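This text walks through selected parts of one protein model. Please keep the structure open while reading.

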Amino acid sequence: PPPASSTFGAARCDGVIREYRNVRHVKLLLNPTAGQGRLRDRLREAAAARDWLELVETEHADHAADLITEACDVEVDTIVAAGGDGTVSQVVNAVMRCEHRPTLGIVPMGSANDFAGALGIPADLDAALDVIETGGSRPVDLMRVESASGGATRYLLNAASIGLSVRIHEAMDDETKRFWGRFAYARAAVDVVPHADVYRFDMNLNGEEEQWEALGVVVSNGPRVGGLAIAPDADPSDGLIDVVALRPVEGIERARVVFEFLMGWHIDDEAIYRRRVRKVTVHSDPPTGVIGDGDACGQTPVTFSNLPGAIEVIVPG
């Protein structure tokens, strides 16, 4: 049997999925404001019906990190994040600071749930909890972010936005998110794109220098950003970072390109820059902020490095 501090007993299967059995005790961290609190009461009821699940609600911004540090100190094997992409990213950053790194479970409760969707984790609350109980685990890459503006090193699960996408993120207020849900990003883009600035980006891609004029850059570990297929063939376990950017086309052509970009139809479009790299450094003129997994994480210049298989995530078996 697993040691007393274990959450699960693990048995390796063929391939990258590892099955888990002998469920004992899982610590689930709930951000009570995720998804505007719509699912909070349902999750409380669902947790109460599962004697292997301990629900802990975070009380402030640093509370989750404190709880995770305590759990890592006693080598808890599995921590579940209940919330949106920002909540999951906060949990991951806390886990990455621990010597013992638990397996991560996800109960999607945000507006878009981009990363959970990339791994096939269902948005239905009960179905997501069933995955925690019966699923396997998968090694997943992270992106390490280092900004010249300083601050602690950040780790991203899903994506970072520079330039245009930052303006779109800033235009998504709580009312827009509440009314439009997973389509809030696209709705905000309608207002922002016609007036978007053009940036000069000096890119270092795996050590090779390129200069791009673009409306914005997305650096992605997963296929979707804000519910939209910005990097539709990105794989969060391939050891690579997908870099996508919009060339500065004008008028009707800009509307067409942005629409195809937001819909994920731009794979072979000449108006789109696309690269796959292990490491990328982005300089911009003028300098601009960087949004990573829904939160600010410095300004350009900024460097992103892929960390292959840095964390284990529970997925459908």
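The model is a predicted one. A starting point is helix H3, which covers residues 85–96 and so has 12 residues. From its first C-alpha to its last, H3 reaches 16 Å, close to the 16 Å expected at 1.5 Å a residue. Is this helix enclosed or exposed? Of the 12 residues of H3, 11 are buried, so the helix is largely enclosed by the rest of the structure. The buried positions are Asp85, Gly86, Thr87, Val88, Ser89, Val91, Val92, Asn93, Ala94, Val95 and Met96.

Helix H1, residues 40–48, has the buried residues Leu43, Ala46 and Ala47. Seen down the axis of H1, these buried residues fall within an arc of 100°, so they line one face of the helix. The general background is that an α-helix has 3.6 residues a turn, so residues three or four places apart point the same way. Turned away from the buried side of H1 is a face that carries the exposed residues Glu45 and Ala48. What do the buried residues of H1 pack against? Their partners are three strands, E3 (26–30), E4 (53–57) and E5 (78–83), together with helix H5 (125–134).

Charged pairs come next. Side chains of opposite charge can pair when their charged atoms come close. The structure holds 12 salt bridges. One of them is formed by Asp126 and Arg50, with the closest N and O atoms 3.9 Å apart. This pair links distant parts of the chain: Asp126 belongs to helix H5, Arg50 to the loop between H1 and E4, and the two are 76 residues apart. Arg50 counts as buried because its relative accessibility is 15%, under the 20% cut-off for that class. Asp126 has a relative accessibility of 33% and therefore counts as partly exposed.

Another salt bridge joins the side chains of Asp233 and Arg274, at 2.8 Å from N to O. Asp233 lies in the loop between strand E12 (216–220) and strand E13 (241–246), whereas Arg274 lies in strand E14 (residues 272–277), so the pair ties together parts that are 41 residues apart in sequence. Asp233 counts as partly exposed at 36% relative accessibility, and Arg274 is partly exposed as well, with a relative accessible area of 24%. Elsewhere, salt bridges that share partners join Arg42, Arg50, Asp126 and Asp130 into one network.

The side chains of Glu146 and Arg144 also meet in a salt bridge, with an N to O distance of 4.0 Å. Glu146 is partly exposed at 38% relative accessibility, and Arg144 is partly exposed at 28%.

Both residues of that pair lead to Ser305, which has its place in strand E18 (residues 302–315). Which residues does Ser305 touch, not counting those up to four places away in sequence? The contacts are Leu142, Met143, Arg144, Glu146, Ile241, Arg278 and Lys279. Ser305 and Leu142 are 163 residues apart in sequence, while their C-alpha atoms are 8.3 Å apart in space. At 6% relative accessibility, Ser305 counts as buried, whereas its contacts Arg144 and Glu146 are partly exposed.

Conventions:
Residues are numbered from 1 along each chain as its sequence is written. This is a predicted model: local features need pLDDT of at least 70, side-chain atom pairs count only at pLDDT 80 or more; totals for chains, interfaces and linings use all residues. Side-chain values use heavy atoms; hydrogens and water are left out. Helices (H or I, at least four residues) and strands (E, at least two) are DSSP runs, numbered from the N terminus. Buried means under 20% relative accessible area, exposed over 50%, partly exposed in between (1.4 Å probe, protein chains only). Contact means heavy atoms within 4.5 Å. The expected span of a helix is 1.5 Å times one less than its number of residues. The arc is that of the directions from the helix axis to the C-beta atoms.
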